[in-house]
Amino acid sequence: MEQSNSNSSGGPVDAFIKKAFELKAQGLNNAALTEFRRAALADPAHFQVQMEMGLLFKAKSNADISFLRYAYEAFKKASHLNINSEQAHDQYILAAQRMGRLEELLQEYKALSARHPDNAFLQRCVKNIITLSMAMIPEKVSVDEGSSQTLRKAVLLISIGLFLMGLALLFAPAVIKQMLHLKLEAQQISFFVKMGLVFIALSAAGFVYRSRLRE
């Protein structure tokens with residue numbers, strides 16, 4: 001990044017810029033943007049032009065996200081042209097955040113800060129990027145807790161179902177005898193009892209497993 005404070009090139013560039021500001025004052029942002037782009041073609045190193053283009057593209061990106069890329073590029077050029085412009089760097093960082101490019105931006109600013117160790121503002125930019133990056137990291141704990149709660153509910157429902165099924169099997173012989181008036185053999189009754197106890201045991205294991213899950 002090279003610092004440049006030149007905002008006046010003379011000739012057609014100044015004419016484009018003057019017309020662009022006049023159109024912008026009238027609320028004709030698209031027409032103003034066209035004039036700023038003409039000025040940028042005539043003088044790509046014009047800091048003010050890049051900033052104005054970035055701001056207009058940023059406004060358009062609120063309605064159409066595809067314009068965000070153009071805002072990002074304009075702010076990047078502006079920050080390259082003037083490393084001491086807080087507005088340029090702040091807008092560049094915010095655009096990078098929206099585009100999910102903070103990781104590469106962090107490396108860029110670390111290198112820039114290393115080349116200008118006495119520039120406190122660039123060091124602040126590095127800290128700001130780190131802060132924004134950390135804010136965008138998903139909270140793994142909350143996700144795990146949500147998954148744990150879902151699993152606990154599922155285990156609870158299954159355990160209750162197994163317990164009820166076990167009770168039904170234990171009482172099945174008596175119900176069959178009373179309602180269907182059928183007499184079961186000892187082997188059949190033993191089968192129902194054993195299966196009922198198996199389901200109840202599985203239910204108990206489910207409750208124990210659920211109690212060990214993190215709440």
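A residue is called buried when its relative accessible area is under 20%, exposed when the value is over 50%, and partly exposed in between. The exercises below use this rule on a predicted model.

**Exercise 1. Classify Y92 and Y72, then describe the ring pair that they form.**

Solution.
Step 1. Y92 has a relative accessibility of 0%, so Y92 counts as buried.
Step 2. Y72 has a value of 1%, so Y72 counts as buried.
Step 3. A pair of aromatic rings is described by the distance of the centres and the angle of the planes.
Step 4. For Y72 and Y92 the centres are 5.3 Å apart and the planes meet at 50°, and the pair is tilted.
Step 5. Y72 belongs to helix α4 and Y92 to helix α5 (residues 86-99); with their positions 20 residues apart, the pair links distant parts of the chain.

**Exercise 2. State how many aromatic pairs the structure holds, and work through the pair of F67 and Y70.**

Solution.
Step 1. The count of aromatic pairs is six.
Step 2. In the pair of F67 and Y70, the ring centres lie 6.3 Å apart and the planes stand at 50°.
Step 3. Planes under 30 degrees apart count as stacked and over 60 as edge-to-face, with the rest tilted, so the pair of F67 and Y70 is tilted.
Step 4. F67, at 22% relative accessibility, counts as partly exposed.
Step 5. Y70 is also partly exposed, at 34%.
Step 6. Ring pairs join F57, F67 and Y70 into a cluster.
Step 7. Two rings of this cluster have a charge over them: the charged end of K60 sits over the ring of F67, 4.6 Å from its centre, and R69 lies over the face of Y70, 4.5 Å from the ring centre.

**Exercise 3. Which residues line the largest pocket, and which element gives the most to the lining?**

Solution.
Step 1. The volume of the largest pocket is about 230 Å³.
Step 2. Its lining is made by R37, A40, L41, P44, Q50, M53, F57, Y70, E73, A74 and K77.
Step 3. The helices that give two or more residues to this lining are α2 (29-42), α3 (47-61) and α4 (68-81).
Step 4. Helix α4 gives the most, with four residues.
Step 5. Sorted by class, the lining has seven nonpolar, one polar and three charged residues.
Step 6. F57 and Y70, both in the lining, also belong to the cluster of rings from Exercise 2.

**Exercise 4. Describe the largest nonpolar core and name the members that touch the most others.**

Solution.
Step 1. In soluble globular proteins, nonpolar side chains tend to be buried together.
Step 2. The largest nonpolar core of this protein has 38 residues.
Step 3. The members that touch the most other members are M53, I93, L102, L105, Y109 and I129.
Step 4. Two or more residues of the core come from each of α1 (12-25), α2, α3, α4, α5, α6 (102-115) and α7 (120-135).
Step 5. Helix α4 gives the most to the core, with seven residues.
Step 6. M53 is found in the core and in the lining of the largest pocket.

**Exercise 5. How many helices and strands does the protein have, and what share of its residues is buried?**

Solution.
Step 1. The protein has nine helices and zero strands.
Step 2. Along the sequence, the pattern reads α-α-α-α-α-α-α-α-α.
Step 3. Of the 215 residues, 32% count as buried.

**Exercise 6. Place I65, I83 and R210 in the structure, and state whether each is buried, partly exposed or exposed.**

Solution.
Step 1. I65 is in the loop between α3 and α4. With a relative accessible area of 55%, I65 is exposed. I65 and R98 are 33 residues apart along the chain, and their C-alpha atoms are separated by 9.7 Å.
Step 2. I83 lies in the loop between α4 and α5. Its relative accessible area is 4%, so I83 is buried. The C-alpha atom of I83 is separated by 9.3 Å from that of N119, 36 residues apart along the chain.
Step 3. R210 is part of helix α9 (residues 186-212). At 23%, R210 is partly exposed. R210 and L156 are 54 residues apart in sequence, with a C-alpha to C-alpha distance of 7.0 Å.

Key: Residues numbered from 1 in each chain as written. Predicted model: local features only at pLDDT ≥ 70, side-chain atom pairs only at ≥ 80, totals over all residues. Heavy atoms only, no water. 1 Å grid on protein atoms, 1.4 Å probe; cavity = no way out; pocket = protein on both sides within 12 Å on 5 of 7 lines; lining within 4 Å. Points joined across faces, edges and corners; volume = space filled by probe spheres on them. Nonpolar A, V, L, I, M, F, W, Y, C, P; charged D, E, K, R; others polar. Phe/Tyr/Trp six-rings, centres within 6.5 Å; stacked < 30°, edge-to-face > 60°. Buried < 20%, exposed > 50% of the residue type's maximum accessible area, 1.4 Å probe, protein only. Lys NZ or Arg CZ within 6 Å of the ring centre and 35° of its normal. Core = buried A, V, L, I, M, F, W, Y, C linked by side-chain atoms within 4.5 Å.
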